[in-house]
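Trainee: Could you take me through the packing inside this one? I'd like a close look at the nonpolar core, please.

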Amino acid sequence: MGRRFVPHGGAVLLIRHALAPGIGDPDGFRLDDCATQRNLSDEGRRQARAIGDWLRARGIGQAHVYSSQWCRCLETAALLDLGPVTELPALNSFFERRQAREPILAALREFLATQPRDGGLLVLVTHQVTISALSGTFADSGTGVLMALAEGGRLERIGTLSLRGAR
């Protein structure tokens, strides 16, 4: 992909939160209490910073950054250091809440439909299940899937960016 990574307007980069050991969330999980959640490890924090560095080295100095309300996503988004982070409930996980899958995806598609197709890079920090549902791609922690924002908020996959090893 070359040294510079400058997507055309209307590009959406879906990033799975950085490394947070484990699967799902512990019993007693509460969205308003990070102590009850699975959080980034020190390695995950290094990974999130490295992803931001990797993007900046490729010409992305700032972006419109939105995040799931899970602490591991919010911390990943902040550590990217690409601009202010806005919480977006439509990026929340439905991994252990399958009944929430369709309402969450509908809300996310509605959000995407309101985004300008020439508004610069949109970075969405979210969870594996969301990325898989939107792109058909399994995303490891710290992996990005680059999508083009099409009419009506549809996303068309451009490619997968292996950001995990970004250093």
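Mentor: Sure, fold order first: along the sequence the chain runs β-α-β-α-β-α-β-α-β-β, giving 4 helices and 6 strands (DSSP runs numbered from the N terminus, H or I of at least four residues for helices, E of at least two for strands). Bear in mind that this is a predicted model, where local features need pLDDT of at least 70, side-chain atom pairs count only at pLDDT 80 or more, and totals for chains, interfaces and linings use all residues. Residues are numbered from 1 along each chain as its sequence is written, and side-chain values use heavy atoms, with hydrogens and water left out.

Now the core. A nonpolar core here is a set of buried Ala, Val, Leu, Ile, Met, Phe, Trp, Tyr and Cys residues joined through side-chain atoms within 4.5 Å, and buried means under 20% relative accessible area with a 1.4 Å probe, protein chains only. The largest one holds 23 residues, and V12, L108, F111, L112 and L124 have the most contacts inside it. Strand 1 (11-16), helix 3 (101-113), strand 4 (122-126), helix 4 (128-135) and strand 5 (144-149) each put in at least two residues, with helix 3 giving the largest share, 5 residues.

Zoom in on L124: leaving out residues up to four places away in sequence, L124 touches V12, L13, L14, I15, Y66, L91, L108, F111 and L112 (contact being heavy atoms within 4.5 Å). There's also a second, separate core of 19 residues, with A63, C73, L80 and L82 among them. Over the whole chain, buried residues make up 51% of the 167 residues.

Definitions and conventions:
Buried means under 20% relative accessible area, exposed over 50%, partly exposed in between (1.4 Å probe, protein chains only).
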